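Thanks for asking me to look this over with you. Below are my notes as numbered points, so you can follow along with the model open beside you.

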Amino acid sequence: MQAKDIRHFSKLVVSALQPLLDVEFSDIEENEVQAAMEAVNNSFEHSSVDLFDCSLDPALYADEVIKEAQRTVDARLLSEVAQQFYERVVLECSVQLIHFVSTWPSFLAVVNAEQLARVNQLLTETDRIRWAVSGQPQTEEGKFESRYKRHVVQKLDQLELFGLTLADPDNRSYPLSTAYISLTLADSSLTPSANASISGGISFQGAPNEVAAVSSTPGSFSTEIAISAFDRILLRGDAGSGKTTLLYWLAVNAARSTLEGTLESLSNYVPFVLPLRRFADRDLPAPQDFLSEVGRNLAGEMPNAWVHGVLRSGRCLVLIDGVDELPEDRRQEAKVWLQELIALYPNCRYIITSRPAAAEERWLAREGFASLDLLPMGKSDIGSFIRHWHAAARESMSEKCDDADFAELDAYERELITQVNTQRQLRRLASNPLLCALLCTLNRDRRMQLPQGRMELYAAALEMLLVRRDNERKIAHPDSPNLTLHQKKHVLGVLAYWLLRNGLTDCSQEQAVEQITNALSGMPSVNNSGISVFKYLMVRSGVLRAPVEGRVDFVHRTFQEYLAAESLISANDVGVLIEHAHLDQWHEAVTMAVGHARAGERKEILNLLLSRGKSEPEYLTRLHLLAAACLENADELDANTYQLVRRCAEALIPPTKFSESKELAAAGEVVLALLPRSNKRLKVNEAASVVRAAALIGGDAALEVVASYSQDDRRAVQKELTRNWSQFDTQEYAARVIARSPAFKKRLVLDHADVLPVLQNFNSLTSLGITFEVGELTWVRKLPKLSYLRLAKYSGSLTDDEVGALASIKSLNISFASAESRNATLPRLRNLPKLGRLVLSGLSGHNRSSLSDIPDVPKLRDLIVINCTERPVDIDSEKFPELRSISLHRVDMAAGGTLNLDGIEGFQDIESITLQADNFQGLEKLRMLPKLQTVELLLVDPQAFDDLAANTANVKHVKIIAHAFNRNTYTLDLGCFRRATNLLISVETYGRVEVVAEGLEDPVRLHIRRHRR
């Protein structure tokens, strides 16, 4: 803390204390003020209370300071008023201290470090308590698992953000939580995979019914929902789209047991991260080698067959990164390796990443993998990413920085968001997380003078990393090699090109030194050895790194491809480029080579690509699409070559799959004129692929193409239309595309708050779901036919005006953002004259709901209470004279999950009841419901339900949905129903649930539907 900081803090304290002396303690004597202030000073001076131990709570911190200093303060014999003044001053100082400290630039970094240390300590203590409670000594396997998980957190809980720590090359990473943002996924293929859609009449409330969420979401869904929904995922994404970051984030949070929401069931899983690039030149790992990368220093301590045991249990995440980083001739070997792994350990969760060109949509379809694509970031995602980046930048700023430095960074953040929102070319670049990070870096480094194209962006980033960082900071290294920017790029390019030619993305340190030495052999002006240049580039460039001991790779593969392409063009190896152009590992190198090439070379490359495609029909589509993609980097091109590429691209239109859409989109706006407008003669896959291509290009002309398909009612086309909201102006897209779609004439789910002002375009809507938080509902007046409304997070209080707006609502599904909102809203529901169905989501803890919370709603027939109290039926049934169906969900299983049905017998007209809990009390009350016809049970690992059979003698239909969320196999024994008469039993299982139906005979009918998830 510097002197100016102390002066600033003193001013804050004085400004807070002066009102106390002027008003509340105006009568206190001056000598008493002096005595109290001396006590305050002494208390803080000798305090050992930790701010973090007090959860940064000022009141708690003040109490602890006062308690610690009580003996010395008592010795001062303060008067009663002086003692009161002393305690108030300690509290005010605590408030100002915590506020002041929490606004320090380095505060978030300190918090992150403190949180990591405490999480690790908590993991250790949790393990100790778990084994102590079980009464069993912790096994060697259990101890090793705990140690391994802590190591995963320490190893992987870091994310490199380009440009943030250029002043400190030894600290280029931040905790994943600092910069990770959830991205959006979409089905890769136009035909759903075998396990990509599960439907059913009943949904688990508060539990992972993720697959239903996926199948009901039009177009796209979050990464968290997808991961929870599918046991096996092939995750495809372009370079820099965030594939590896996602795997690391999942591994870290699984190891920490900090996964929440739909992913909570994976919190106790053991993650194994397997980067395939490490095995490009050696055998793929057997289970005993799974720790060879993440955990290599622990592998020697691993108990015998520990990995095999974890795999057999099914309680693990196998995270395989980078199919595309294996040479193409080894990918079939990788597929066989994976098939054998799955055959031996089918119950594990598998996620495999790849660039799209290396793994077609159906590559692992037979193995039950859902193929999902990472979508480009939309406008809101880009804004979120930019804010995350700048928040991390503030953490990295030196304590020497003053208010002007922080104000300057704020200005950079605002200006970049403005430019990205207003310049389509920048927005297209920023839709990729890696390029967005580079834009953030260069916007700051170049004082808001941004490059406009991808090639210019990489060139500027390399100049910053290789030269400007040290020059502008006036850093001199007397013993370091004196290389120009061109020489540095040449040395790195030779290494990058060698890696590309050999199908590698990393190499040993010895191999890297050898290639650098080869590069230096052609530089007579450089007198340094290969090893000294290698060490210099490793330490100072920020372009090379050592991911594991003894190995070297580029900080990101795209830098390798950029430099390799530059080296290739410099060596005039166009023939080599064309020879390998059909290989997906060379795809980016080809497009970047066109960007590096001179006009004549560029013409030669494109003509050779087209000629080879025509002479080798098996590669025609791939090579001609690649030529079209090269246009993105071709700043200038002779007219004849341009027209030739355009005609070849036109022959490939319409695209037939999404991978072709991406290649066409890379060519830019030239493709838009070639894309057909809506035409029912197009096959469904062609129409959907056209929409995808136009959306990836973006802009007004692209929106015109997309809008022409708005009335195409085929499901795949409509899904594609809905997933593109974020790629355009949301309001304009809503008005021109979604509002004209027949799929959304009646029903709509909104994920974007800025669509609310244009809801009048949807005046035929009868059903609306809102997934974001809303605080007022007067906009419902724009929807005169609306009868069903779902509010995922309501924070208002249902004013008279809002009650009037909801007058036509017949079905309301509402979840409250706070207890205050719920308490203010519920009594006013009685004023909704047509309300016949109510879904009420209560809050956690002591704020759970019961029927007593709900006012008398005369026409209410269906009532669903989620997260209800242990005894929810504690109310006079006369409040609901029309009620015919009750659904009660006790979803906080950790709190016991017992549901007490005492009082249910008062609802004599009930015909259907749905129950969800771990345990039930009062099931015998069901016998007292004469009109009860249907009972539905939603079970998670049920112990037994014999009482159900004994108390449902008059029921005609029993529905049971059983879900093995925790992955342990359990048995559902239906033998208790063997004495039933005229009964239909419907069973739907998710996960490893074994249904036993021995002894069931006519007239009992049994229908079973099984889902792997």
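1. A word on terms before we start: two residues are in contact when heavy atoms of theirs lie within 4.5 Å. Please also keep in mind that this is a predicted model. With that in hand, let's begin at Arg551. Setting aside neighbours within four places in sequence, Arg551 is in contact with Asp281, Asp506, Cys507, Ser508, Arg545 and Ala546.

2. Where does Arg551 sit? Its place is in strand β12, which covers residues 551–554. Is Arg551 buried or exposed? The cut-off for buried is under 20% relative accessible area, and Arg551 counts as buried because its relative accessibility is 17%. One of its contacts, Asp506, deserves a second look: the side chains of Arg551 and Asp506 are joined by a polar contact of 3.1 Å.

3. Now for the overall picture. The protein has 1013 residues, and 55% of them count as buried. Its secondary structure comes to 35 helices and 28 strands. If you consider contacts between residues at least 6 apart in sequence, 64% of these join residues at least 24 apart. The protein exposes about 43,100 Å², and carbon and sulfur atoms supply 48% of that area.

4. Please check the confidence values before reading any detail. The average pLDDT of the protein is 80, and 84% of the residues score at least 70. Over residues 165–172, however, the pLDDT is below 50, although this stretch has 18 contacts in the model beyond near neighbours in sequence. Residues 191–218 also have a pLDDT below 50, and that stretch has 67 contacts beyond near neighbours in sequence. Where pLDDT is low, the predicted coordinates should not be read in detail.

5. On to charged pairs. How many salt bridges does the count come to? The count is 39. Here is one within a helix: the side chains of Glu64 and Lys67 meet in a salt bridge, 3.6 Å from N to O. These two residues are about one helical turn apart, because they are three residues apart in helix α3 (residues 58–68). As for cover, Glu64 is partly exposed, with 26% relative accessibility, whereas Lys67 is exposed, with a relative accessible area of 53%.

6. Another helical pair is worth a look. Lys149 and Glu145 form a salt bridge in which the closest N and O atoms are 3.3 Å apart. Both belong to helix α7 (residues 140–156), and their spacing of four residues is why about one helical turn separates them. Are Lys149 and Glu145 buried or exposed? Both are buried.

7. The next salt bridge is between strands. Asp373 pairs with Arg236, and their closest N and O atoms are 2.9 Å apart. This pair links distant parts of the chain, since Asp373 is in strand β9 (residues 370–374) and Arg236 is in strand β5 (residues 232–236), 137 residues apart. Asp373 and Arg236 are both buried.

8. Salt bridges that share partners also build one network, which joins Arg277, Arg278, Arg282, Glu293, Asp321, Glu325, Asp506, Arg551 and Asp553. You will recognise Arg551 and Asp506 from the polar contact between their side chains.

9. Next, have a look at strand β14 and its partners. Six of the eight residues of β14 are buried, so the strand is mostly covered. Strand β13 (residues 747–750) runs parallel to β14, and four bridges join the two; here Leu750 stands opposite Ile770 in β14. Strand β15 (residues 788–794) pairs with β14 in the parallel sense as well, over six bridges. In that pairing, Ile770 stands opposite Leu791 in β15.

10. Last, a residue of β14 to click on: Val774, in the strand that covers residues 767–774. Val774 counts as buried because its relative accessible area is 5%. Which residues does Val774 touch, not counting those up to four places away in sequence? They are Leu756, Leu791, Lys793, Tyr794, Ser795 and Gly796. Leu791 is 17 residues from Val774 along the chain, and their C-alpha atoms are separated by 7.8 Å.

Methods. Residues numbered from 1 in each chain as written. Heavy atoms only, no water. Buried < 20%, exposed > 50% of the residue type's maximum accessible area, 1.4 Å probe, protein only. Polar contact = N/O pair within 3.5 Å; in protein donor to acceptor, adjacent residues only side chain to side chain. Areas by Shrake-Rupley, 256 points an atom, 1.4 Å probe, with all protein chains shown as cover. Salt bridge = Lys/Arg side-chain N within 4 Å of Asp/Glu carboxyl O. pLDDT = per-residue confidence, 0-100. Pairing = 2+ DSSP bridges.
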